[in-house]
Amino acid sequence: MMPLLPSTRHADYETGTIAIEHSGWLPEQHLAMHEGLADDIDTDIAVIGSGLAGASLSLHLAERGVKVVTLEARQPGNGASGRNAGHVQTFLENLEPLHAWGDRGKRFAAFFMEHRNIVFDLCAKHGIDGDAVKSGMVEAAYRPHTALAKKAALWKAFGYNVDIVTAASLRELLGTEKYRYGIHWREGGRVNPYLFTNGMISAAVRHGARVFGDSPVIGCHREGQRWRVDTARGSLRAQRIVICTNGHAGNLFFPELARTQYPLVACGMATKPLSPALLDIINPARVAMTHYPTGLYPMVIDGRNRLVTATIPHPCRAHDAKTYFAYFLRYLHRIYPQTRNFEIELGAYWTGITANSSSVYHADYPKLYQVDDGVLALMNLGTWGNVMGPQLGLSLAQSLASERLDDCVLPLERPEPVRFQRLFEFKTRHLMIPVARVIDRINLA
Ligand SMILES: Cc1cc2nc3c(=O)[nH]c(=O)nc-3n(C[C@H](O)[C@H](O)[C@H](O)COP(=O)(O)OP(=O)(O)OC[C@H]3O[C@@H](n4cnc5c(N)ncnc54)[C@H](O)[C@@H]3O)c2cc1C
């Protein structure tokens, strides 16, 4: 039986806002809490939201000597950053959208490649115990795919240590004979995103940032040349505000941000620690695994020897842990038939919200919005926040510290409402994912 935890209403699962205590990434010992803002204080830059984006921005601003205050509605890592699947992906899925950015697109790609190891680098630099392991990644398929061959060749040409692998190597890496073709990325790997986010916040505090938890921002108003940011018990005056609230953009302040994105609820699952016998069978190389082309059940084995995976829940049934765990086990048993003889138990189930900038899978690049004079928003990190959050926090901090916003690797855009906002979620949950499950089950892809 899973322990009874706070907030288990179906509606909270559906909106990805169930209490963070459900997330399998929380350590057994609680982390230190950040107290709420209860004064009227002053700063240069106010960061709203402390997920991967807000935490990295706060850290890199503080490191550059900028006076920064971070306000978080709950505690750091409360959003998607404490709920994701733990994959650290060091390549970009689709370079096409960058072409429209001209020279900036080239700079973005170069910056991404230069800082592709940022998760591991930050953990090493700041002594963050985030279970970050550069174990590599494998995209595994049942049969050859030209698209995979092209992708491997492209990134090899960029200097990546990456290869197409076939049955024998895949058997050695993953411990299964089911996969016959794939890409072995020797960089990337896994991280505990909750610990990593909190680690960045602790490092930011050590560098002088002030971080307040339990301080949802309820209003932002201009006061002369500055901005006043209100919470229920305190307020903050700042020259600039940077909003990093991701899919929780439906705030009372700057409500237009909520219309700039395609939200999608996703769920995560962690098993109880696997027995030594199972650990011998499943994924012996401990790479971050994904199934190509459906992307169903990305999988890591974490430092606590648990399988962690994620999927997209059925419409109106995001609470239904049993169903998704059963799907996952069916997949696992297909890939590793020997595991049928073992009991594998669900240890944690949770949901979270992703915010995408595009309704086309893999074309969703994050956004930097100029919301008002002195108000920016760094949002829509899609499904690759573990690397994008830290990288874009770094790039934006560099630009803000040098007062050269134009140097940021993201183009500065005005918030524009997207069209047919709910269609993306409808399409994904009603059509794409159910079809992908069937295709996978009958071994078509
Ligand atoms: C199930 C799932 C699996 C995923 N798997 C992966 C993966 O394997 N690899 C990967 O790279 N990415 C993955 N992602 C995506 C990744 O988690 C996100 O891109 C990333 O966490 C977004 O970070 P963020 O800082 O923009 O937002 P968030 O982490 O959502 O942070 C926003 C913060 O803002 C706070 N906030 C909101 N409103 C207010 C307010 N009014 N005042 C103050 N604070 C406020 C929230 O409490 C929250 O802490 C996954 C996401 C999900 C949900």
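## A tour of pockets, cores and a cavity

The 34 residues around the second largest pocket divide into 15 nonpolar, 12 polar and seven charged, where Ala, Val, Leu, Ile, Met, Phe, Trp, Tyr, Cys and Pro count as nonpolar, Asp, Glu, Lys and Arg as charged, and the others, including Gly, as polar. This is a predicted model, in which local features need pLDDT of at least 70 and side-chain atom pairs pLDDT 80 or more, while totals for chains, interfaces and linings use all residues. Residues are numbered from 1 along each chain, and side-chain values use heavy atoms, without hydrogens or water.

Select I20, E21, S23, L26 and P27, which lie nearest the centre of that pocket; a pocket is an open set of points on a 1 Å grid with protein on both sides within 12 Å along at least five of seven lines, a cavity is a set where a 1.4 Å probe fits but cannot get out, and lining residues have an atom within 4 Å of a point. Then show β16 (346-356), a strand (a DSSP run of E, at least two residues), which gives three residues, the largest share of this lining.

Next select L92, L174, I282 and L396, the residues with the most contacts inside the largest nonpolar core, of 122 residues; such a core joins buried (under 20% relative accessible area, 1.4 Å probe) nonpolar residues, Pro not among them, through side-chain atoms within 4.5 Å. Helix α10 (residues 321-335) gives the most to this core, with nine residues.

Finally, stay on α10, which also gives the most, four residues, to the lining of the largest cavity, where Y327, R330 and D440 are among the lining residues.

Methods
Buried < 20%, exposed > 50% of the residue type's maximum accessible area, 1.4 Å probe, protein only.
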